[in-house]
Amino acid sequence: MSRKCRGRGMAASWYGIARTATIDRAGAWAELDDGGTAKIVTGVTEIGEGILTVLAQIAAEELGVRPEDVTIGDNDTARSPEAAHAGATRQTYMIGNSVALACRDARVRLDAEIADHWGVDSGSLKAFDGEIWAEETNLKMTMEEAVDICKKRGVVPVGSGSFTAHGTGLDPEDGSGSPWQAYVFGCQVAEVEVDIVTGEVQVLGIWAAHDVGRAINPRGVEGQIEGGVVQGLGQALMEDYKLEDGHTTTHGFAKYILPTSLDVPQINSILIEDPDPLSPLGAKGIGEPALVPTAPAIMNAIYDAIGVRITSLPATPEKILAGLVAKREQEGTRHHAAE
């Protein structure tokens, strides 16, 4: 065996979104304003995952305005519809759908007035990039003009939307049932190089394929996958949070090692779009699911490289070397038994 051995490992995962045992829900308001701009109000919490960008994109597509003309308003839950918590990979799925439905409700009001103004069927109206038109006609105007016509007619194009996961409940006797409305599936392959002298593991590459339903913002989805993979790499090889008698003995980041840019391998994100049939948008989510298969894939790659199965995280050099020693002892014992 050479000093450095390479191996590949794979892991697959699934992750549930939108509780059905206890109902998940979210609400939103949408309004087309003077100037052809739009305002969205919902109790969303932006924690760095890019949800405000996603909601602006959804509103722009549904209302027919430009994303830069969408304002996400006050998210204080004392003054905005409930959107519930920022967690469980639910924000795009739950809040995104409620925003889409609110925008569609606002468009119904606007389209009814413009169709009557033009004398056409409201079903023929289309809008995009700040303009609205009637198909198979020469009728077209800016969204600013359309909103002005609505308001002169005494109508404010405002809408509300609520999206609720289908509540199915669980069997009170055995707990069986369908606890989630949608499922995100993923698979990752890791390639590693293990130094059998030092026990160090270097991850050379990660290939991550995830079913995201519909990618509202593909670059944002790729960023989520890359971030999840980096977290999984840290969990697999570095981050070691220790407790003794219920108290932490890891008091700072000096010994709780986090991945840096030098530790991150080439990450290849593969987006699988299988729209969710219960979602108005077809989107699912990717926040936490991207993290799930990373560590198992790396552990399997280590086993493929050196034949040592690491069963506790992180796979530190000490554990690698101890595993190699145990493997050699087992092989020696089998050899002597065979003689």
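The questions and answers below deal with ring pairs, salt bridges, nonpolar cores, domains and backbone features of a predicted model.

Residues are numbered from 1 along each chain as its sequence is written, and side-chain values use heavy atoms, with hydrogens and water left out. Because the model is predicted, local features need pLDDT of at least 70 and side-chain atom pairs count only at pLDDT 80 or more, while totals for chains, interfaces and linings use all residues.

Q: Into which domains is the protein chain divided, and how far apart are their C-alpha centres?
A: The bounds come from an automatic or database domain assignment. Domain 1 covers 4–16 + 180–334, and domain 2 covers 23–163. In contact (heavy atoms within 4.5 Å) are 20 residues of domain 1 and 18 residues of domain 2. The distance between the C-alpha centres of the two domains is 39 Å.

Q: Where does the largest nonpolar core lie with respect to domain 1 and domain 2?
A: A nonpolar core is a set of buried Ala, Val, Leu, Ile, Met, Phe, Trp, Tyr and Cys residues joined through side-chain atoms within 4.5 Å; buried means under 20% relative accessible area, exposed over 50%, and partly exposed in between, with a 1.4 Å probe and protein chains only. The largest such core has 50 residues, and Val99, Leu110, Ile114, Ile132 and Met143 are those with the most contacts inside it. Its largest share, 12 residues, comes from H2. Both domain 1 and domain 2 give residues to this core, so its place is between them.

Q: How many residues does the other core have, the one that includes Val194 and Met299?
A: In soluble globular proteins, nonpolar side chains tend to be buried together. Apart from the largest core lies another, with Ile206 and Met238 also among its members, and its count is 34 residues.

Q: How many residues apart in sequence are Tyr93 and Phe163, which form an aromatic pair?
A: Rings of Phe, Tyr and Trp (its six-membered ring) pair if their centres lie within 6.5 Å; planes under 30 degrees apart count as stacked, over 60 as edge-to-face and the rest as tilted. By this rule there are 3 aromatic pairs, and the one of Tyr93 and Phe163 is edge-to-face, at 5.7 Å centre to centre and 80° between the planes. Helices (H or I, at least four residues) and strands (E, at least two) are DSSP runs numbered from the N terminus. Tyr93 is in helix H2 (residues 91–118) and Phe163 in strand S8 (residues 158–164), so by these element bounds the pair links distant parts of the chain, with a separation of 70 residues.

Q: Why does the pair of Phe253 and Tyr256 count as it does, and what is its class?
A: Phe253 is exposed, at 61% relative accessible area, whereas Tyr256 is buried, at 19%. The ring centres are 6.0 Å apart and the planes stand at 55°, so the pair is tilted.

Q: Which ring lies under the charged end of Arg309?
A: A charge sits over a ring if NZ of Lys or CZ of Arg is within 6 Å of the ring centre and within 35 degrees of the ring normal. Arg8 lies over the face of Trp207 at 5.7 Å from the ring centre. For Arg309 the distance to the ring centre is 4.2 Å, and the ring is that of Tyr303.

Q: Are the partners Arg90 and Asp24 of a salt bridge buried or exposed?
A: A salt bridge is a side-chain nitrogen of Lys or Arg within 4 Å of a carboxyl oxygen of Asp or Glu, and the whole structure holds 21 of them. In this one the closest N and O atoms are 3.0 Å apart. Arg90 is in the loop between strand S4 (70–72) and H2, and Asp24 in the loop between strand S1 (4–19) and strand S2 (25–32), 66 residues apart. With Arg90 at 1% and Asp24 at 2%, each is buried.

Q: What is the phi of Asp245?
A: Most residues other than glycine have a negative phi, and most peptide bonds are trans. Asp245 lies in the loop between strand S11 (243–244) and strand S12 (247–248), and is exposed at 72% relative accessible area. Although not a glycine, Asp245 has a positive phi of about 55°.

Q: Which peptide bond is cis, with omega near 0°?
A: The proline concerned, Pro314, is in the loop between helix H5 (294–306) and helix H6 (317–338). The cis bond runs from Leu313 to Pro314.
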